[in-house]
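Notebook open, structure loaded. I want to go through the cysteines, then one hairpin, then the chain as a whole.

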Amino acid sequence: MPSAAPVQEAAGRVDTRVAAPGISPVSAGPVVVSPRGDDGSAAVRVVVSPDEPVFAGHYPDFPIFPGVCVVECAHRGALATAPEPVALSAVHSARFTGPAFPGDVLDFHLKWRRRDGGWQVSATAVTARGDAASMRLRYRGADTEPEAPAPLADAAPVPVPDRAEAGPPEVTSLLPHRYPMLLVDRITALRPGERITAVKAITHNEPWYAGLAPGQDLAYPESLLVESWGQSAGLLASAAAPQARGQVMLFGSVSNAVFHRPVLPGDLIEHRVTLTRSLGDSVIFEGESRTCAGPVMSVGQMVMAFRPGDHLRPS
């Protein structure tokens with residue numbers, strides 16, 4: 001559990017700044033506006049600083065706060081208000097209904113419930129413009145084992161072709177993301193309109209590991225694991241629809257993203273993504289992520305949508 005120190009109290013509402021829970025792509029700490037009450041409700045606020053490191057590489061010409069960072073903010077608020085020490089086991093669902101931009105204030109309403117031997121947090125996020133996101137996050141006790149993955153018929157690792165072979169395009173030719181938010185290193189197999197396999201190497205040199213003291217938890221953030229998988233899905237979508245590459249590719253929703261084991265520096269993640277359906281400017285995917293030790297995440301469904309950037313900019 002992160003430590004917290006009250007900085008202000010008025011009319012029964014406590015303003016509590018919360019230390020970051022280990023590795024995180026979000027530098028701003030959440031502020032607990034109202035702590036968890038008897039009904040399980042709590043309120044958390046996060047100010048989206050223009051200095052957040054993700055803005056440098058997440059659509060560099062179009063600074064929009066990544067959807068996974070909105071989930072990360074809700075997760076950090078959940079850790080700050082949890083009824084007991086917990087660990088994130090799954091993003092049961094997350095839906096993004098409005099963008100967040102530099103300078104926005106994200107207000108979260110959290111609701112804790114007991115569910116299936118663990119805990120579930122229902123969260124909504126709003127900005128001054130209106131609704132931004134709604135999600136349900138599943139937690140297990142910090143001392144319990146992660147959920148085991150369902151068996152798959154094609155569980156054998158996919159062979160990685162030799163670099164000398166004529167093969168898939170470069171990642172940067174299909175994605176606008178750049179350092180530090182370009183989270184896919186190489187495409188190893190691609191069938192446009194059907195499926196993709198891509199890899200991401202986790203290293204100590206990533207900015208999220210800067211400044212950590214020896215002995216701190218080095219587990220890669222689940223939010224970045226989802227983002228990396230989502231970028232692999234974005235590569236597949238861009239390869240299948242080159243006419244849409246001038247538009248902004250938005251993370252619309254995700255459901256049943258289940259985390260099976262921690263990912264650590266030195267791990268090579270293999271993302272496997274299948275395109276299951278295309279509906280106009282929206283594309284639906286499913287798949288998993290693996291290391292040599294086995295599955296680390298399964299994704300039941302992710303929806304992405306292409307939108308003109310000018311339609312999304314704040315007025």
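Cysteines first. I looked up Cys73 and asked which cysteine sulfur is closest to its own. It turned out to be the one in Cys69, at 6.8 Å, which is too far for a bond. I keep in mind that this is a predicted model.

The cut-off I used for a disulfide is two cysteine sulfur atoms within 2.5 Å. Going the other way, from Cys69, the closest cysteine sulfur is in Cys73, again 6.8 Å off, so I noted no bond there either. My disulfide count by this rule: it comes to zero.

Are these two cysteines buried or exposed? I found Cys69 at 0% relative accessibility, so I put it down as buried. Cys73 sits at 3%, so it goes down as buried too.

Next, the hairpin. I checked how strand β9 (residues 186-191) and strand β10 (residues 195-201) pair, and they run antiparallel over five bridges. I picked out one of the partners: Leu190 bridges to Ile196 in β10. Between β9 and β10 I get three residues, which makes this a hairpin. In that turn I noticed Gly193, with a positive phi of about 85°.

Last, the whole chain. I listed two helices and 14 strands for the protein chain. Of its 315 residues, 50% are buried. I also looked at contacts between residues at least 6 apart in sequence, and 66% of them join residues at least 24 apart. For the surface I have about 14600 Å² exposed, with carbon and sulfur atoms supplying 51% of it.

Note on methods. Residues are numbered from 1 along each chain as its sequence is written. This is a predicted model: local features need pLDDT of at least 70, side-chain atom pairs count only at pLDDT 80 or more; totals for chains, interfaces and linings use all residues. Side-chain values use heavy atoms; hydrogens and water are left out. Two strands pair if DSSP finds at least two bridges between them. Helices (H or I, at least four residues) and strands (E, at least two) are DSSP runs, numbered from the N terminus. Buried means under 20% relative accessible area, exposed over 50%, partly exposed in between (1.4 Å probe, protein chains only). Contact means heavy atoms within 4.5 Å. Accessible areas come from the Shrake-Rupley method with a 1.4 Å probe; for residues, only the protein chains shown count as cover.
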